[in-house]
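User: I would like to understand how the terms used for a protein model are justified. Please set each value against its definition and then conclude.

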Amino acid sequence: MSLFKPSLLTLAMVAASTSMYGYAAEAEDVATADESIEVLKVTGIRRSLKESQSLKMSSSSIVEAISAEDIGKLPDVSIAESLARLPGVSAQRLDGRANVISIRGMGPDFTTATLNGREQASVNDNRGVEFDQYPSELLNRVVVYKTPDATVMAQAIGGTVDMQTISPLTHGEQTFAIGLRGEMNDLGALNSGSDDTGYRGSISYIDQFADDTIGIALGYARMMSPNQEERWQAWGYPENAAGDSVLGGAKPFVRSSELERDGVLAVFEYAPNDFYQTKVDLYYSKFTDDQRLRGIEIPAAWGANGGIEATNIENGLVTEGVIRGAEVVVRNDVNKRDAESLSVGWNNKFQINDNWNVEADIGLSKAERTDIGMESYSGTGRGTGVGAVDDLGFAYNGDGSYNFTHGLDYSDPNVIKLGDPLGWGSPLGANTQDGFINKPEIEDELQSFRLAAEYIFDDSAIRSVKFGVNYTEREKSKLDKGYFLTLKGYDGTDPNYVMTVPDKYLLRSTSLDFFGMGDVLSYDSLAFYNDGNYIETDVADVDASRAVNSWDVSEEVTTAFVMATIDTDVYDIPFTGNFGVQAVQTDQSSNGTASTLENGELVTNANYDSASYTEWLPSFNLGFEVAEGQMLRVSAARTLTRARMDQMNSNIGYSYEANPTDGVNWSGNAGNTQLRPWLARQYDISYENYFSDQGYFALAVFYKDLENYTYKQTAFIDFTDIVPPQNPGDNPVGRFEQWQNGQGGYVQGIEASFSMDFGMWADALEGFGTVLSGSYNDSEVKETADSEPTTLPGLSEKTFNATVYYENSGFEARVSSRYRSDFLGEVTAISLTRQNVNVKAETVVDAQIGYDFSESGIDALYGLSVLFQVNNLTNEPFTSYTGEDARHVRDYQNYGRNFMLGANYKF
């Protein structure tokens, strides 16, 4: 029997947009329950909410969903922003845009993303998908699965995000849709040559042929999006002689970016009869992020200068002072990322008879990324104590950044010249690091094959049994190259050599008035580099630690599964669900490098390591309809999340310091191919009350018992037998770090959500509605049994989302807000490496208003709608800090507001 007795509208919503892949199979069963149901024409915000609710109702797992308001139009600008409005889901912003997500307090390392049920390769160093790679215009629905079942191949401890494209045969009608939006950032063009305006455009075509046995869906989306930022960035906050924290140094700058993305979707579907269906889908995305960053690096307590004169101290922090004799570096940097993603799948379904179904699925997902991170330095001289100096006043402004005063004109090309102002490196002799360039490359390929069968019982409490096998091969590699840059005009004979920037590269000066430093010299540093004006020295030739940054990791995973579905009554209470088990066998290996120093020379050798393991993952999801429209769900499962791929490498590296400050000459670090996955036993209870087609209340409690925890172990070992001594008197005991599986811990929480269309209470409120959700999370993990507990990265203790909308007679308006409390987030550090920092709480508000002319009665305008949107309406900054004092701000990023005006047309 069916768990719920949904209304015609609910069935129609599911039937209108159900995907035929993976997780959506349950919704498909509901859709096919009555083939004669007429699809009701409901569009806009309320259509999206009703469809999302219908899927949540019909699923045997605990899920959340987002549906497109209409073809080619998800509710928000990006998928990640839409996901961040769901109960228990939060997003971390990167350069002002939502980029990665956390589910139930578990960060990107603990979530998995799929497209039509197939796991996706990723462009970053790990497994986590960056959702801004996927144009929202080409997706029909996104479902978040918080509890797994035995048929979920890409499960994760946090949850699984399944992005679904449209099924043209299920859609059932010919549709052509086109959309175009212009956008503008209110900070203006902060860097010379940048733009503060852009656009987004999309086109979709869906049709059916041959008596509705063949269906196609084609889509193309393009984005040229500007992004501006004013960023204050601090080096850190050491203590002075009096024990007060003081600014160690700062690197404030302005960033101008242009995001260019092209996405293509193609779906071919063929169903010649009731016994066979086949579908091929292809998705391709090309993404370019071109950034220009110009600013000034200011050494303070950690710099070579005349010292810090503190003029005001508040609660242990020097809030006002003067940096005497300051020497600075003017920076003209470039970050550029080119990324491509390809996903291809072929699914076949066979109905042998009334009792047997068979499914075969093949998938390929590939991702490639190439980065350029270039730094170009200029100042008043080469090396410290050479050029002109300045007395810089500074004052804490209360929001985490500082305001400065200065005397020199840092935009004068006769004062600020190319060179190595602070002697940051010596690749070709003293003070010869005039710049630096990183060129990492990532390749990720994932192939999958799944063969499954289902037997449907007649008149049994066990509705069906599904069983099968899934096989995946994945290989991910990173080639990390970095080069010191030295001006070709510098031959080492003149220690004071600097170069005036040639006129052909000079640009309009860049304003740093946002923190009081006036204008700085600006030039086209990438053009200067591309024209061959630098000598490049490979860092790996002189730095043993850099020689082990490249790696290759491979995985072969075979998963056998069996799951029984239940549909019966227990004491007249409808009872449905599933129970099953997976047996997951994994072979993992890595090709890496072992490096050391011998007689002062860097020596590298190939290094290979491998490991195998098998894990058993039982699960059950049970649902009881305790009253009409009221559901009690109970779930339990043992789940796994595979270790980070960049931690599984087989690299081993050593470095030597002749004159260490801590007495340790030797240090080493290594990856660990032997790492086992994160494992957890998780338990969920959820109560859901559906009081209308667009109204429900849900309350869920969960507990995840983490069986282990991955951490970086530090040990002090005797290096005598590992590397030869470099100098007499060296300390043979050195520091060695390696990733290990640790003790474990827990994550627990409670979440609530509420959705209501106020029109059900009074005609005067027709069209008004709200969606509210909130969660509270808590975690504790320990590296070892004796270590101090800590919280998980990505976990916010509190999250809250609120949306208020109006939709009636063609008019649409919506204001949405999402809040998350402080959390430990992953950000970019030196040489494009990643590190965890504390991120301050934030509340991001977006708004939109529009009109659908289909409701106007003007036939010529039928299908046309217009929309005006504002993202980051309150101009919420992104702020991170170090340590426990929130005044020790590492980053304060001001992104401004983005305005968009556009139109959509469908017929």
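User: What makes strand 40 and strand 41 a pair, and in which sense do they run?

Analyst: In this predicted model, strand 40 (residues 798-808) and strand 41 are joined by 10 bridges in the antiparallel sense. Two strands count as paired if there are at least two bridges between them, so the term applies here. One example of facing residues is Phe800, which stands opposite Tyr819 in strand 41. The hairpin of strand 40 and strand 41 has 2 residues between the strands, and Ser809 takes a positive phi near 55° there.

User: How do the side chains of strand 41 point, and which of them are buried?

Analyst: The side chains of strand 41 alternate. Glu812, Arg814, Ser816, Arg818 and Arg820 point to one face and are buried, while Phe811, Ala813, Val815, Ser817 and Tyr819 point to the other and are not. In a regular strand, side chains alternate in this way between the two faces of the sheet.

User: Why is Arg818 called buried?

Analyst: Buried means under 20% relative accessible area. Arg818 has 8%, so the term buried is justified.

User: Which strand pairs with strand 41 in addition to strand 40, and over how many bridges?

Analyst: Strand 41 and strand 44 pair in the antiparallel sense over 10 bridges. Ser816 stands opposite Asp846 in strand 44, and the bridge partner of Arg818 in that strand is Val844. Strand 44 also pairs with strand 45 (residues 864-871), in the antiparallel sense over 6 bridges. There, Ile849 has Phe868 as its bridge partner.

User: Why is strand 44 described as largely enclosed by the rest of the structure?

Analyst: Of the 11 residues of strand 44, 9 are buried, so the description follows.

User: What makes Asp846 and Arg818 a salt bridge?

Analyst: The term requires a side-chain nitrogen of Lys or Arg within 4 Å of a carboxyl oxygen of Asp or Glu. The side chains of Asp846 and Arg818 meet at 3.7 Å, N to O, so the pair qualifies. Asp846 lies in strand 44 (residues 842-852) and Arg818 in strand 41 (residues 811-820), so the salt bridge ties together parts that are 28 residues apart in sequence. Asp846 has a relative accessibility of 6% and therefore counts as buried.

User: How do you know that Arg638 and Glu707 form a salt bridge, and is each of them buried or partly exposed?

Analyst: Their side chains meet at 2.9 Å, N to O, which is within 4 Å, so they form a salt bridge. Arg638 lies in strand 31 (residues 630-641) and Glu707 in the loop between strand 35 and strand 36 (710-718), so parts 69 residues apart in sequence are tied together. Arg638 has a relative accessible area of 16% and is buried. Glu707, at 25%, counts as partly exposed.

User: Which parts of the chain does the salt bridge of Arg127 and Glu555 link?

Analyst: The side chains of Arg127 and Glu555 meet in a salt bridge at 2.6 Å, N to O. This pair links distant parts of the chain, with Arg127 in the loop between strand 5 and strand 6 and Glu555 in strand 28 (residues 551-570), 428 residues apart. Both values lie under 20%, so both residues are buried: Arg127 has 13% and Glu555 has 5%. A search of the whole structure finds 51 salt bridges.

User: What makes Ile750 suitable for the nonpolar surface patch?

Analyst: A residue of a patch must have over 30% relative accessible area. Ile750 has 37%, so it passes this cut-off and is partly exposed. Ile750 lies in strand 38 (residues 744-757). The patch, of about 870 Å², includes Phe691, Trp761 and Tyr776 among its residues. The elements that give two or more residues to this patch are strand 35 (695-706) and strand 39 (768-782), and strand 35 gives the most, with 3 residues.

User: How many residues of the chain reach a pLDDT of 70 or more, and where does pLDDT stay under 50?

Analyst: The mean pLDDT of the protein chain is 88, and 92% of its residues reach 70 or more. Over residues 1-42, pLDDT stays under 50.

Note on methods. Residues are numbered from 1 along each chain as its sequence is written. This is a predicted model: local features need pLDDT of at least 70, side-chain atom pairs count only at pLDDT 80 or more; totals for chains, interfaces and linings use all residues. Side-chain values use heavy atoms; hydrogens and water are left out. Patches are made of residues with over 30% relative accessible area and no salt bridge: like charges are joined within 9 Å, nonpolar side chains (Val, Leu, Ile, Met, Phe, Trp, Tyr) within 5 Å. Accessible areas come from the Shrake-Rupley method with a 1.4 Å probe; for residues, only the protein chains shown count as cover. Helices (H or I, at least four residues) and strands (E, at least two) are DSSP runs, numbered from the N terminus. Buried means under 20% relative accessible area, exposed over 50%, partly exposed in between (1.4 Å probe, protein chains only). pLDDT is the predictor's confidence in each residue, from 0 to 100. Contact means heavy atoms within 4.5 Å.
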